[in-house]
Amino acid sequence: MVNMVIKEQGIEIELVRKSVKNLSIRISREGKVTLTVPKKMPENEALKFFRQKISWVKSKIDIVNERLEFNFSDGERFFIFGKETVFKVVNSKENKVVFDIGKVTVFAENIPAVMRLFEGFIKQFFYECAEQYLKYWSTVTGFKYTDFKIKKTVSTWGSCNTAKGNISLSLYLVFLPVECLNYVALHEICHLKYSNHGEGFKNMLSFYMPKWKSVRKYMKENSRKFIVNI
């Protein structure tokens, strides 16, 4: 339940109090900012935390606002794992999607059907690719996850419930170069051992992927160039 709506440095925030231990910030794919706060935490303490994260919040809002427009029109171009791809639409009752390197063709009778088929395809395609990377790093590191889901999130590229072994990855990784998915998959697998981002976690990342910092930097600087508004 939303307790109040406040503004901080020009950003409208929905402040929500819940029975949680830690503060968290979420930016929806529409750009709505939610600050979840433990029930008994003073408001000024919660806002102090938010102000410390303001640069990160603004960067995520920028990603939402600067996503590439995608109208599901014949001939549009977008990216699949960083590779430019042509979007083709064929008026047909077949209701199917055909994927070739550099081209996605949707056979459908109307735009709503095109949208539904394309989103279904991109979710399934990403799920299968992401699962391969998660299984690879799970095997290499020896840490097994319990469940894997994909979500439309822009505030985080991935998340891991260390206690339960559940991993979630952002669908929008499907548009970035595949090295980004590889990094995020390893990142979340490392969380199966370390729940935080301390030295142990960073050392584990560095052991398996010595150049992970350069991939993270690339994502921060370039992700908005690839993501489309689906």
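# A guided tour of two sheets and their helices

Begin by selecting Ser159 and Ser168, for the bridge partner of Ser159 in S11 is Ser168. What you have open is a predicted model, in which local features need pLDDT of at least 70 and side-chain atom pairs count only at pLDDT 80 or more, whereas totals for chains, interfaces and linings use all residues. Residues are numbered from 1 along each chain as its sequence is written, and side-chain values use heavy atoms, with hydrogens and water left out.

**The sheet around S11**

Now widen the selection to S10 and to strand S11 (residues 166-170), which run antiparallel and are joined by 4 bridges. Helices (H or I, at least four residues) and strands (E, at least two) are DSSP runs numbered from the N terminus, and two strands pair if DSSP finds at least two bridges between them. The open sheet here is formed by 3 strands in the order S9-S11-S10, with mixed pairing; its edge strands, each pairing on one side only, are strand S9 (147-151) and strand S10 (158-161). From one strand to the next, the twist averages 15°, axes being lines fitted to C-alpha atoms (for helices, over the stretch in contact) and angles running from 0 to 180 degrees between N-to-C directions.

Add H3, which packs on this sheet and touches S9 and S11, its direction making about 140° with that of S9. Then add H4, which also packs on the sheet but touches S10 and S11, with its direction at about 155° to that of S11.

**The sheet around S8**

Turn next to the open sheet in which 4 strands follow the order S5-S6-S8-S7, again with mixed pairing. Strand S5 (77-80) and strand S7 (96-100) are the edge strands, each of them pairing on one side only, and the twist averages 30° from one strand to the next. Within this sheet, strand S6 (residues 83-91) pairs with strand S8 (residues 103-108) in the parallel sense over 6 bridges, and selecting Val89 will lead you to its bridge partner in S8, Val106. Helix H3 (residues 111-141) packs on this sheet, touching S5, S6, S7 and S8, and its direction makes about 135° with that of S8.

**Tyr133 on H3**

Stay with helix H3 and pick out Tyr133, which has its place there and counts as partly exposed at 25% relative accessibility (buried means under 20% relative accessible area, exposed over 50%, partly exposed in between, with a 1.4 Å probe and protein chains only). Leaving aside neighbours within four places in sequence, Tyr133 is in contact (heavy atoms within 4.5 Å) with Val178, Leu181, Asn182 and Ala185.

**Helix H5**

In helix H5 (residues 199-208), select Phe201, Met204 and Leu205, which are buried. They lie on the same side of H5 because they cover an arc of only 100° around the axis, the arc being that of the directions from the helix axis to the C-beta atoms. The face of H5 turned away from its buried side carries the exposed residues Glu199 and Phe207. Show also H3, helix H4 (178-190) and helix H6 (212-222), which are included in what covers the buried residues of H5.

**Two cysteines**

Finish with Cys160, which is buried at 19% relative accessibility, and Cys190, which is buried with a relative accessible area of 0%. The sulfur of Cys160 has its closest cysteine sulfur in Cys190, at 9.8 Å, which is too far for a bond. With a disulfide defined as a pair of cysteine sulfur atoms within 2.5 Å, the count comes to 0 disulfides.
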